[in-house]
Amino acid sequence: MNTLLWIAQGILAIVFLATGLMKLIVPKEKLIERLRPLEPIPAPLIKGIGLAEVFGAAGVTLPMLLSIGPRSVILAALGLALVMVGATIAQVRDGNWLMVGVNVVLFAMALFVAFARWSWACCAPPPIM
């Protein structure tokens with residue numbers, strides 16, 4: 001189960017790091033050529049979403065890798081799930097049903113990581129010494 005969780009966390013980190021950096025680096029005019037639903041959103045908000053995605057990508061992996069506050073992975077995964085709710089709404093308004101499906105899969109993956117890490121952190125048996 002731990003291996004499956006790490007795979008899911010890795011996929012989430014790669015996807016959100018890539019999309020977040022794209023939103024931070026690429027100017028809005030170029031960005032809306034690829035992501036039409038972002039057109040009505042102000043540029044500073046797009047940058048904010050990109051920053052949230054980059055922090056979420058770091059948050060689902062680094063705390064456990066560094067053994068510093070591993071329970072914060074739960075919050076990062078829930079934050080990424082929330083980002084996907086907004087992305088899904090934007091894609092539905094645009095009528096891009098393929099991306100709606102991708103968003104739903106990423107949303108489910110983020111919830112899976114949050115729930116599984118919560119049950120692992122809160123309900124795992126204590127280590128045997």
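# Exercises on a six-helix chain

Gly59 is in contact with Ser72, Val73 and Ala76 when residues up to four places away in sequence are not counted. The model from which this contact comes is a predicted one.

## Exercise 1. Placing Gly59

Determine in which helix Gly59 is found, and whether Gly59 counts as buried or exposed.

*Solution.*
Step 1. Gly59 belongs to helix H3.
Step 2. The relative accessibility of Gly59 is 13%. Buried means under 20%, so Gly59 counts as buried.
Step 3. A pair of residues distant in sequence can also be examined. Gly59 and Ala114 are separated by 55 residues in sequence, and their C-alpha atoms are 11 Å apart in space.

## Exercise 2. The overall chain

Describe the protein chain by its helices and strands, its extent along the principal axes and its buried share.

*Solution.*
Step 1. The protein chain contains six helices and zero strands. Read along the sequence, the pattern is α-α-α-α-α-α.
Step 2. The C-alpha trace spans about 60 × 25 × 20 Å along its principal axes.
Step 3. The protein chain has 129 residues, of which 32% count as buried.
Step 4. Among contacts with a separation of 6 or more, 62% are between residues 24 or more positions apart.

## Exercise 3. How H3 packs against H5

State the angle and the axis distance at which H3 and H5 pack, then name the residues that meet.

*Solution.*
Step 1. The axes of H3 and H5 are 8 Å apart, and the packing angle is about 145°.
Step 2. The crossing in which H3 passes H5 is left-handed.
Step 3. From H3, the residues are Glu53, Gly56, Ala57 and Gly59; they meet Ser72, Val73, Ala76, Leu80 and Val83 of H5.
Step 4. Sorted by class, this contact of H3 with H5 comprises five nonpolar, three polar and one charged residues. Gly59, the residue of the opening exercise, is on the H3 side of this contact.

## Exercise 4. How H1 packs against H3

Find the relative orientation of H1 and H3 and list the residues that make their contact.

*Solution.*
Step 1. The axes of H1 and H3, the latter covering residues 43-59, come within 7 Å and cross at roughly 150°.
Step 2. Angles over 145 degrees count as roughly antiparallel, and H1 and H3 are therefore roughly antiparallel to each other.
Step 3. H1 passes H3 in a crossing that is left-handed.
Step 4. On the H1 side the contact is made by Ala13, Phe16, Leu17, Thr19, Gly20, Leu21, Lys23, Leu24 and Ile25; on the H3 side, by Ile46, Lys47, Ile49, Gly50, Leu51, Glu53, Val54 and Ala57.
Step 5. The contact of H1 with H3 divides by class into 11 nonpolar, three polar and three charged residues.

## Exercise 5. How H1 packs against H5

Establish how H1 and H5 are oriented to each other and which residues meet.

*Solution.*
Step 1. The axes of H1 and H5 come within 12 Å, crossing at roughly 50°.
Step 2. H1 and H5 are therefore oblique to each other.
Step 3. H1 passes H5 in a left-handed crossing.
Step 4. Gln9, Leu12 and Phe16 of H1 meet Val73, Leu80, Val83 and Met84 of H5. By class, the contact of H1 with H5 has six nonpolar, one polar and no charged residues.

## Exercise 6. The nonpolar core

Identify which members of the largest nonpolar core touch the most other members, and which helix gives the most residues.

*Solution.*
Step 1. The largest nonpolar core has 21 residues; those touching the most other members are Leu12, Phe16, Val60, Ala77, Leu80, Ala110 and Val113.
Step 2. Two or more residues each come from helix H1 (2-25), helix H5 (72-94) and helix H6 (97-123).
Step 3. H5 gives the most, with eight residues.
Step 4. Val60 may be followed further. Apart from neighbours within four places in sequence, Val60 is in contact with Gln9, Leu12, Ala13, Val73, Ala76, Ala77 and Leu80.
Step 5. As general background, nonpolar side chains tend to be buried together in soluble globular proteins.

## Exercise 7. Two loop residues

Locate Leu35 and Ser67, and give the accessibility class of Leu35 and of Ser67.

*Solution.*
Step 1. Leu35 lies in the loop between helix H2 (28-34) and H3. Its relative accessibility is 22%, so Leu35 counts as partly exposed.
Step 2. Leu35 and Asp94 are 59 residues apart in sequence, with a C-alpha to C-alpha distance of 9.9 Å.
Step 3. Ser67 is in the loop between helix H4 (62-66) and H5. At 60% relative accessibility, Ser67 counts as exposed.
Step 4. Although Ser67 is not a glycine, its phi is positive, at about 55°.

Note on methods. Residues numbered from 1 in each chain as written. Predicted model: local features only at pLDDT ≥ 70, side-chain atom pairs only at ≥ 80, totals over all residues. Heavy atoms only, no water. Core = buried A, V, L, I, M, F, W, Y, C linked by side-chain atoms within 4.5 Å. Buried < 20%, exposed > 50% of the residue type's maximum accessible area, 1.4 Å probe, protein only. Helix = DSSP H or I, 4+ residues; strand = E, 2+ residues; numbered from the N terminus. Contact = heavy atoms within 4.5 Å. Axes fitted to C-alpha atoms, helices over the stretch in contact; angles between N-to-C directions. Parallel < 35°, antiparallel > 145°, perpendicular 65-115°, else oblique. Left-handed = near helix turned anticlockwise from the far one by under 90°. Nonpolar A, V, L, I, M, F, W, Y, C, P; charged D, E, K, R; others polar.
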